[in-house]
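Subject: Structure handover

Hello,

Here is the structure I said I would pass on. My notes on it follow below.

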Amino acid sequence: MKRLLSPALAALLLSACQSPPTRSTAGAAALLSPMPTAGEYDNHEQVWAALGGGGAASPAHVVVAVEAIDRDWMVWRVHFDAAQAMDATWAFRRTDATTWLPHRATIAQPGIGKNFDATQWTPLDACALRGTSAALVRADAAACSAIVPGLGAQAALLPIAFQTEGEWLRVRLYADQARGPDARSEARRVAWFGGWTAINGGGPGAAADSADWHMDRNVRLGSEGGRAPLLWRDGKRSGYSLTLERLTYRDGNVPVLKPSVVDDAGGGTLAYAWANPEATRIGLNLGWVQVGLERGGAAAIRPGSP
């Protein structure tokens with residue numbers, strides 16, 4: 001994607017960015033277009049299902065971190081996980097009941113959160129996302145394409161449509177147009193688990209009576225493909241990792257939360273368990289590896305517990 005602007009494209013971009021980046025109040029009488037719940041959204045299961053199903057145009061792994069600034073402003077940090085990873089940050093302002101106006105930063109490190117400053121962002125009027133209900137908003141892709149060359153490579157990660165539904169954020173990025181008219185990322189809000197892991201110094205062949213346990217009490221894993229290395233007591237990696245993912249298996253169409261112990265070298269799964277996706281506590285005991293996780297915090301159980 002070219003980074004240099006022709007005079008014509010420069011004029012188009014300038015003309016599209018004339019709206020002042022000031023805060024507004026959405027119409028109280030109309031149904032407000034959706035603001036996703038703050039948090040991190042990940043399309044891990046969509047990518048996993050495509051690899052198993054062999055779709056012709058498989059989706060890339062996309063992570064979207066949403067931060068609500070106030071009633072009418074939110075910031076999205078979009079990560080595109082591919083052979084060449086990319087990141088982009090966009091601010092959105094709700095200009096009326098059903099319209100979100102994307103903004104790009106005018107400085108390298110704009111303030112986020114409490115330091116958010118609307119004057120550090122410039123609007124992209126041609127890419128405004130509009131809808132007729134609270135379910136879905138979308139941009140006019142043809143109009144938006146006129147200013148894309150001026151945005152550089154990050155334009156590929158510009159949201160041109162999104163829909164919120166429960167824990168789901170369904171987002172269509174500008175780059176998704178290459179995959180088809182309906183292509184989008186099906187991203188689910190990440191649930192975070194904290195707790196501990198313990199690995200025996202003898203590894204998978206450890207004696208049953210060995211007390212050489214190496215503890216890590218600062219484990220944090222996300223539910224959408226999270227991964228944490230199993231560490232020796234000196235902090236070095238053991239060569240094994242713990243993963244956590246929400247999946248829906250085709251046989252029976254049953255959704256599960258799946259913790260697994262994997263071999264870092266070969267990538268193979270050594271053991272796994274299933275839990276209800278709404279589980280608040282997860283425990284594993286493989287003899288040489290023990291795990292205790294709790295949704296949102298540290299687990300209370302300890303090695304050697306039943």
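**Nonpolar cores**

The largest nonpolar core has 30 residues, and the members that touch the most others are Val64, Trp76, Val78, Trp90 and Phe162. Two or more residues of this core come from each of strand 2 (61-70), strand 3 (73-81), strand 4, strand 9 (159-165) and strand 10 (168-173). A separate core holds 18 residues, including Leu221, Ala228, Leu284 and Leu293. Please keep in mind throughout that this is a predicted model.

Trp76 is worth listing in full. With neighbours within four places in sequence left aside, Trp76 is in contact with Pro36, Val64, Ala65, Val66, Ala88, Thr89, Trp90, Phe92, Pro159, Phe162, Leu169 and Val171. Val64, Trp90 and Phe162 are on that list, and they also count among the core members with the most contacts to other members. As a general remark, nonpolar side chains in soluble globular proteins tend to be buried together.

**The chain overall**

The protein chain has three helices and 20 strands. Of its 306 residues, 43% are buried. Among contacts with a sequence separation of 6 or more, 50% are between residues 24 or more positions apart. The accessible surface is about 15,000 Å², and carbon and sulfur atoms account for 53% of that surface.

**Strand 5 and its partners**

Strand 5 covers residues 99-105, and five of its seven residues are buried. The pairings of strand 5 are these:

- Strand 4 (residues 86-96) pairs with strand 5 in the antiparallel sense, over five bridges. Arg93 is opposite Leu101 of strand 5. The two strands make a hairpin, with two residues between them.
- Strand 6 is also antiparallel to strand 5, and the pair has three bridges. Here Arg104 is opposite Thr122 of strand 6.
- Strand 7 runs antiparallel to strand 5 and is joined to it by two bridges. Thr99 is opposite Arg130 of strand 7.

Strand 4 thus appears twice in these notes: it pairs with strand 5, and it gives two or more residues to the largest nonpolar core.

**The disulfide**

How many disulfides does the structure hold? There is one, formed by Cys127 and Cys144, with 2.0 Å between the sulfur atoms. The link is right-handed, with 90° about the S-S bond. Cys127 sits in the loop between strand 6 (121-123) and strand 7 (129-130), while Cys144 belongs to helix 3 (residues 141-145), so the disulfide ties together parts that are 17 residues apart in sequence. Strand 6 and strand 7, on either side of the Cys127 loop, each pair with strand 5.

Are the two cysteines buried or exposed? Cys127 is buried, at a relative accessible area of 0%. Cys144 is buried too, with a relative accessible area of 0%.

**Asp140**

Asp140 lies in the loop between strand 8 (136-138) and helix 3, the helix that holds Cys144. Asp140 is partly exposed, with a relative accessibility of 47%. From Asp140 to Cys127 the C-alpha to C-alpha distance is 6.6 Å, at a separation of 13 residues in sequence. Asp140 touches Ala126 and Ala128, when residues up to four places away in sequence are not counted. The Asp140 side chain also reaches the backbone nitrogen of Ala142, at 3.1 Å.

**His44**

His44 is in helix 2 (residues 44-53). Its relative accessible area is 18%, and His44 counts as buried because the cut-off for that class is under 20%. The His44 side chain makes a polar contact of 2.7 Å with the side chain of Glu245. Leaving out residues up to four places away in sequence, His44 touches His61, Glu224, Gly225, Glu245 and Leu247. Glu245 therefore appears both as a polar partner and in the list of residues touched by His44.

**A second hairpin**

Strand 16 (residues 254-263) and strand 17 (residues 269-272) run antiparallel and are joined by three bridges. Val262 has Thr269 of strand 17 as its bridge partner. The two strands form a hairpin with five residues between them, and Gly267 in the turn has a positive phi of about 80°.

Regards

Notes. Residues are numbered from 1 along each chain as its sequence is written. This is a predicted model: local features need pLDDT of at least 70, side-chain atom pairs count only at pLDDT 80 or more; totals for chains, interfaces and linings use all residues. Side-chain values use heavy atoms; hydrogens and water are left out. A disulfide is a pair of cysteine sulfur atoms within 2.5 Å. Helices (H or I, at least four residues) and strands (E, at least two) are DSSP runs, numbered from the N terminus. Buried means under 20% relative accessible area, exposed over 50%, partly exposed in between (1.4 Å probe, protein chains only). Two strands pair if DSSP finds at least two bridges between them. A nonpolar core is a set of buried Ala, Val, Leu, Ile, Met, Phe, Trp, Tyr and Cys residues joined through side-chain atoms within 4.5 Å. Contact means heavy atoms within 4.5 Å. A polar contact is a pair of N or O atoms within 3.5 Å; within protein, one must be able to donate a hydrogen and the other to accept it, and residues adjacent in sequence count only if both atoms are side-chain atoms. Accessible areas come from the Shrake-Rupley method with a 1.4 Å probe; for residues, only the protein chains shown count as cover.
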